[in-house]
Amino acid sequence: MKTNDKPRRLGRLAYAAGLMALGLAFAPVWASGVALAAPLAATAPGLGAAANYSALGKAGVTNAGNSVLAGSVGADIIGSITGFPPGIAGGGLVVAPEVNQAEADASTAALALTAQAGSATLAGPNLTGATLVPGVYDVGAALLPGVLTLNGPGVYIFLASHLTASGSVSLINGASACNVFWHVVSDANINGGSFVGTIIAGTSVTFGDGASLAGRALALTGNVTLINNTISAPACAAPPTGPAHVSVAYACIDDGRVAVTVGLSAGVTVFGLGDDITASQDTSGNQIVRYLPPGHYEWHATAPAGAFILDVDHGVIEAAECTVATVAATAAPSFLIPVTGVDRAEAQALAAQQQARLGLGALGLGLVGLGFALRRKKAPTA
C-alpha cells in the first residue's frame, strides 16, 4: 500500500504562504514605507529679561582670566560676582533687586521647556556625530565630546539631566543659535570647544579654560564659573521676507472620509482643519495630511513674522457627502489609518498602500483556508 502525500505537501505550502501574507497585511504601519510624522514641533520659551544676560547665576558668577561676555552678568549680591575686571561684561554687572525679574523669567522659561517633555524624542546620551532637525529631544545625561549638527531652521530643545560637553555644535541650512535651548536638571559643564544655545541649568554652569558659547548661561540656584571664556550673543537668522505659499486640496477616500493635503511655507499656520497646522520647514514636497469627516470647512492661514505676503490666505472645503461604495462597505472593514503630521506621500499614496495591505489580508485568509482543506484531504491509496 502506497500513500500519495502530494495534497498534504501543497496544503502545507498554501498554509505557510497564507501566514506570510497575513503577516505583511497586519505588520506595523511603518513597514509600508510611508513615514507618518516628522518630529513634533518645539516651541521657543520666552526669556523675558533673562535674554539680556550672558551669565546669570543666582548664587554668583566667578571669573578667572580674560573672559569676554557680550551681555550682562547677574547675581543676587554684588559680592558674589568676582573677576570683573579683568573679565568684560558688555551689559554690565547687575544685582538684586534689578536682577530679580531676570531670575524669575529664567525660571518661567525652564518650566516652559520641561512642559514639552511629553513630545520629546529620545536621543543620545552621546550626541557626537548626530544630525538633528528641529524638535524636542530627551538626551538624558548628555555627552558631547565631538560634533553635533543641527540641520534646518526651527526650534531645538534639549532636555537633559546633566550635560558634559567638550566638542562643538555645527549649525547648517538655516539653524540659528537663538533657537537652541538646553534645559539641564542639575549642572552643565562646558569643558571646551564651541557650544551653542541658551543653557538653563537647575544648579550650576561651569566652563573649562577657553571654551566658548554662542548663547547664554543661566544657573537657577547655583553659580556660573568662567575661565578665559567667550560668550557671544546668540546669532538669529534674519526673518524671511519673500512671499509665502499655502496649498490645500481634498478628496473623498474609500472609507467615506475627506483626505485633506496641505502644503505650506515654513512658519505659516493654517486654522480651521482640526488642530492648527504648521511646520518649521517648507512642506510642498512633503505634504501634511489630515483625515476629516465630510462637511463644510472654512480655513484661513497666517504668515510668519516678517514682511511676508501669502499667495492664498483663506479657502473653503465643501464635502457634504463622501459616499462609500456598497462593495467597499460590505466586503471588509477599512484599515485606513488616520494620519497627522508630515508624510512622505500624499493621501492617495497612503490609501493605496493601506488598500494593498487589505488585499494581502484577504489573500492570506484564503490561502490559510486552502491549506487546511488540503492538509485534511485523505490521500488515495495504491
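A disulfide is a pair of cysteine sulfur atoms within 2.5 Å. By this rule the structure above, a predicted model, holds one disulfide, and the bond joins Cys252 to Cys322 with an S to S distance of 2.0 Å. In general terms, a disulfide is a covalent bond between the sulfur atoms of two cysteines. About the S-S bond the angle is -65°, and the link of Cys252 and Cys322 is left-handed. Cys252 lies in strand β21 (residues 246–252) and Cys322 in the loop between β27 (314–319) and α3 (326–331), so the disulfide ties together parts that are 70 residues apart in sequence. Here helices (H or I, at least four residues) and strands (E, at least two) are DSSP runs, numbered from the N terminus. The two cysteines can also be described by accessibility, where buried means under 20% relative accessible area, exposed means over 50%, and partly exposed means in between, with a 1.4 Å probe and protein chains only. Cys252 counts as partly exposed at 44% relative accessibility, whereas Cys322 counts as buried at 8%.

As to the basis of these values, residues are numbered from 1 along each chain as its sequence is written, and side-chain values use heavy atoms, with hydrogens and water left out. In this predicted model local features need pLDDT of at least 70 and side-chain atom pairs count only at pLDDT 80 or more, while totals for chains, interfaces and linings use all residues.

The aromatic rings come next. A pair of aromatic rings is described by the distance of the centres and the angle of the planes. Rings of Phe, Tyr and Trp (its six-membered ring) pair if their centres lie within 6.5 Å, and planes under 30 degrees apart count as stacked, over 60 as edge-to-face and the rest as tilted. The count comes to three aromatic pairs. In one of them, the ring centres of Tyr137 and Phe158 are 5.7 Å apart and the planes stand at 20°, so this pair is stacked. Tyr137 belongs to strand β10 (residues 135–144) and Phe158 to strand β12 (residues 156–165), and the pair thus links distant parts of the chain, 21 residues apart. Phe158 also pairs with Trp182, with centres 4.2 Å apart and planes at 15°, so that this pair too is stacked. Because Phe158 lies in strand β12 and Trp182 in strand β14, the contact ties together parts that are 24 residues apart in sequence. Tyr137 and Phe158 are both buried; the relative accessible area of Phe158 is 0%, and Trp182 is likewise buried at 0%. Ring pairs link Tyr137, Phe158, Trp182 and Phe195 into a cluster.

The backbone has some further features to note. Most residues other than glycine have a negative phi, and most peptide bonds are trans. The table lists the residues that depart from this pattern.

| Residue | Backbone feature | Place |
|---|---|---|
| Pro85 | cis bond from Phe84, omega near -5° | loop between β5 (81–82) and β6 (88–89) |
| Pro97 | cis bond from Ala96, omega near 5° | loop between β7 (93–94) and α2 (100–114) |
| Asn173 | positive phi of about 55° | loop between β13 (168–172) and β14 (180–184) |
| Asn228 | positive phi of about 50° | loop between β19 (223–227) and β20 (230–232) |

Asn173 is exposed, with a relative accessible area of 57%, whereas Asn228 counts as partly exposed at 33%.
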